[in-house]
Amino acid sequence: MDYQQLLADRTRLMEASVIREILKVASSPGMISLAGGLPAAESFPLEIMEELMGAVLGKYGSKALQYDASEGWGPLREALVPHLAARGVTTTADGVLIMSGSQSLLDGIGKILISPGDYVAVEAPTYLGALQAFNPYEPHYLEIETDDGGLIPESLERVLSGQRVKLVYLVPTFQNPTGRTLSLARRKQVADILKRHDTLLLEDDPYSDLRYSGERVPPIKSLAPEHVVYSTTLSKTFAPGLRIGVCIAPEFIQRWLVTARQGVDLHTNTLAQALAAEYLTGGYLDRQLPRIIELYAPRQLAMLDALERHMPEDFTWSHPEGGMFVWVEGPKGFDAVELQRRVLEHGVAFVPGRYFYVNEEEGAATLRMNFTAADAATIEHAVGVIADVMAEML
Ligand SMILES: Cc1ncc(COP(=O)(O)O)c(C=O)c1O
């Protein structure tokens, strides 16, 4: 049968992620991978899972296995209110929507807001998974320029002045792929610009709990609540396999997200949500988060230290205070895809940065390196290998 001719037009717009292909190679035996974006398996609270499960089944019994409300499991929505307030996001339990990972919110937002040809503004570079989620809805992307401090507000102003933009998508804290964080001053400018142009922002914030130094910066949501859909996740602080995404949206948007998801998954896995509620209310997260930070902070330092010692001249890199990634930029004309091909032969993998741009002509000399999946000694070795190959290429 000719399956190809069965595909809907939009399906042809769903490209398999290049990164998935790289990750396949990166996960082959013996390979050292700085390519992934995975939490370390050691960060999962494996030892408490039986206790959590016992507590959930004891408290809720068969309810934890039943269909449930599309908005989310009540006790989890309630437990998230103080958790979000500690980050500066004020909401009630009714204002919390639980999604099946924050990735499913990206699709949900695309589905309810983007018609073919609508303008969507994204950072250059941006999170590839967001582009993958939006692509089938056929937006026209506009790039917002960035520098070492993240998005440049004047560039956002220019973009929004040029045409009616449906949606701005940003990862303002420890961005994937750059690790950069937008300062409070810039956040205030962004909030002001959004309000003046009456434009909606999707603020994707999976990483702000993974802070290893410095002070927390308030989310843009706290500065322009009516103009921001705020998204976060328990993937980095509990377990990504449980697929718990959290969304705080203006009520009108929340209602449409709920209607749209009823035709997709009805609701997020009830048992996973109940476990997450217990993880929060039982104080497990408060005990686990410092352990995760203790695991990642030395890995991040090891990467920054190795870059300092090994990188050839003319290479610069981000100095994130948290998250999972460091972004390296080489001199003009440097080819990071060729670098990747060559370092793979030495058993090391990373992701060339060009894949995170809407326009793949950009970012040819950039690299994204993950520092959470490997231990400090392995990171040191891998950065050394990459730097040696860079020097050869120069
Ligand atoms: C910026 C960003 N948004 C969303 C996601 C998806 O996370 P989740 O596991 O909550 O679907 C990721 C995952 O790495 C991410 O980096």
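Modeller: A polar contact is a pair of N or O atoms within 3.5 Å. The model discussed here is predicted, and this cut-off serves for its ligand.

Colleague: What makes the approach of Ser102 to the ligand a polar contact?

Modeller: An N or O atom in the side chain of Ser102 is 2.7 Å from an oxygen atom of the ligand. The limit is 3.5 Å, so the pair qualifies as a polar contact. The protein covers 91% of the 400 Å² of accessible area that the ligand has on its own.

Colleague: What can be said of Asp204 and Thr233 by the same test?

Modeller: A polar side-chain atom of Asp204 lies 2.6 Å from a nitrogen atom of the ligand. For Thr233, an N or O atom of the side chain is 2.7 Å from a ligand oxygen atom. Each distance is within 3.5 Å, and therefore each pair is a polar contact. Ser102, Asp204 and Thr233 are among the residues that come nearest, out of 14 around the ligand.

Colleague: Why is strand 9 called mostly covered?

Modeller: A residue is buried when its relative accessible area is under 20%. In strand 9, residues 228-233, 6 of 6 residues are buried. One side carries Val228, Tyr230 and Thr232, the other Val229, Ser231 and Thr233, and both faces are covered.

Colleague: How do you know that strand 9 pairs with strand 8 and with strand 10?

Modeller: Pairing requires at least two bridges. Strand 8 (residues 200-204) and strand 9 share 4 bridges in the parallel sense, with Asp204 opposite Ser231. Strand 9 and strand 10 (residues 244-248) also have 4 bridges, in the antiparallel sense; there, Tyr230 has Ile248 as its bridge partner. Both counts reach the minimum, so both pairs count as paired.

Colleague: Why are strand 11 and strand 14 said to stand at the edges of their sheet?

Modeller: That open sheet has 4 strands in the order 11-12-15-14, with antiparallel pairing. Strand 11 (316-317) and strand 14 (351-352) each have a single partner strand, so one side of each lacks a neighbour in the sheet. Strand 11 and strand 12 (residues 325-329) are joined by 2 bridges, which meets the minimum of two, and therefore they pair. Trp317 is opposite Val328 in strand 12.

Colleague: Why does Ala387 count as buried?

Modeller: Its relative accessibility is 4%, and the limit is under 20%, so Ala387 is buried. Ala387 belongs to helix 12 (residues 376-393). Leaving aside neighbours within four places in sequence, Ala387 is in contact with His310, Met311 and Pro312.

Terms used:
Residues numbered from 1 in each chain as written. Predicted model: local features only at pLDDT ≥ 70, side-chain atom pairs only at ≥ 80, totals over all residues. Heavy atoms only, no water. Near = heavy atom within 4 Å. Polar contact = N/O pair within 3.5 Å; in protein donor to acceptor, adjacent residues only side chain to side chain. Areas by Shrake-Rupley, 256 points an atom, 1.4 Å probe, with all protein chains shown as cover. Buried < 20%, exposed > 50% of the residue type's maximum accessible area, 1.4 Å probe, protein only. Contact = heavy atoms within 4.5 Å.
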